[in-house]
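Biologist: Could you take me through one part of this model slowly, as you would for someone new to protein structure? I would like a close look at how a pair of neighbouring helices meets, and what lies around that meeting place.

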Amino acid sequence: MRRIDALGIVLGVFIAGGLVYIIFQQFGVDSQSAGIWTQALLVIGLIGWLLTYLFRAVNNQMTYHKQRQGYEDAYLTKRLEELTPEELERLQAEIEQEQQSQVN
């Protein structure tokens, strides 16, 4: 995320909080209660975002992890394509041997 994106998100949350405060006042809620409810909604939103962040971090769904996995897959695919047929057969034989030793 770029710095300008983070600043835009902060500004958006700030404006959204102000709008929610104004909406509460338009519905007849006094200033103090409107402020409390606005803060409560912003805190609930923050906790919700934090929970989604933790969920993505625990399940390895973060952008860095996805990029790294894509790079590793592309690298291994390229290396596999560069193998000669003899090397490929030898690699397959080694894999089959490992599978047989794991079964026994």
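Modeller: Let's begin with what covers the buried residues of helix H2: the cover includes helix H1. Please keep in mind as we go that this is a predicted model. The buried residues in question are Ala-34, Gly-35 and Thr-38 of H2.

Now for the two helices themselves. H1 runs over residues 3-26 and H2 over residues 31-58. H1 has 24 residues, and from its first C-alpha to its last it reaches 35 Å, close to the 34 Å expected at 1.5 Å a residue. You can try the same check on H2: its 28 residues should span 40 Å at 1.5 Å a residue, and its end C-alpha atoms are 40 Å apart, so the two values agree.

How do the two helices lie against each other? Two packed helices are described by the angle between their axes and the distance between the axes. Here the axes of H1 and H2 come within 9 Å and cross at roughly 140°. That crossing makes H1 oblique to H2, because an angle has to be over 145 degrees to count as roughly antiparallel. The crossing in which H1 passes H2 is right-handed.

Next, which residues do the meeting? On the H1 side they are Val-13, Gly-17, Val-20, Tyr-21, Phe-24 and Gln-25. Their partners in H2 are Ser-31, Ala-34, Gly-35, Trp-37, Thr-38, Leu-41 and Leu-42. Sorted by character, the residues of this contact divide into eight nonpolar, five polar and no charged. As you look along the two lists, one general idea may help: an α-helix has 3.6 residues a turn, so residues three or four places apart point the same way.

Let's zoom in on one residue from each side. Thr-38 lies in H2. At 7% relative accessibility Thr-38 counts as buried, because the cut-off for buried is under 20%. Leaving out residues up to four places away in sequence, Thr-38 touches Gly-17, Val-20, Tyr-21 and Phe-24.

One of those partners, Val-20, lets us see the contact from the other side. Val-20 lies in H1, and with a relative accessible area of 27% it is partly exposed. Setting aside its neighbours within four places in sequence, Val-20 is in contact with Thr-38 and Leu-41. Val-103, in contrast, is 83 residues from Val-20 in sequence and 62 Å from it in space, C-alpha to C-alpha.

Finally, follow the chain past the end of each helix. Just after H1, Gly-28 takes a positive phi of about 90°. H2 is followed by Asn-60, and its phi is positive too, near 55°. Why might you pause at that second one? Most residues other than glycine have a negative phi. Asn-60, a residue other than glycine, has a positive value. You will find Asn-60 in the loop between H2 and helix H3 (63-82). At 42% relative accessibility, Asn-60 counts as partly exposed.

To put the picture together, H1 and H2 cross at roughly 140°, and H1 is part of what covers the buried residues of H2. Among those buried residues is Thr-38, which touches Val-20.

Methods
Residues numbered from 1 in each chain as written. Predicted model: local features only at pLDDT ≥ 70, side-chain atom pairs only at ≥ 80, totals over all residues. Heavy atoms only, no water. Axes fitted to C-alpha atoms, helices over the stretch in contact; angles between N-to-C directions. Helix = DSSP H or I, 4+ residues; strand = E, 2+ residues; numbered from the N terminus. Parallel < 35°, antiparallel > 145°, perpendicular 65-115°, else oblique. Left-handed = near helix turned anticlockwise from the far one by under 90°. Contact = heavy atoms within 4.5 Å. Nonpolar A, V, L, I, M, F, W, Y, C, P; charged D, E, K, R; others polar. Expected span 1.5 Å × (residues − 1). Buried < 20%, exposed > 50% of the residue type's maximum accessible area, 1.4 Å probe, protein only.
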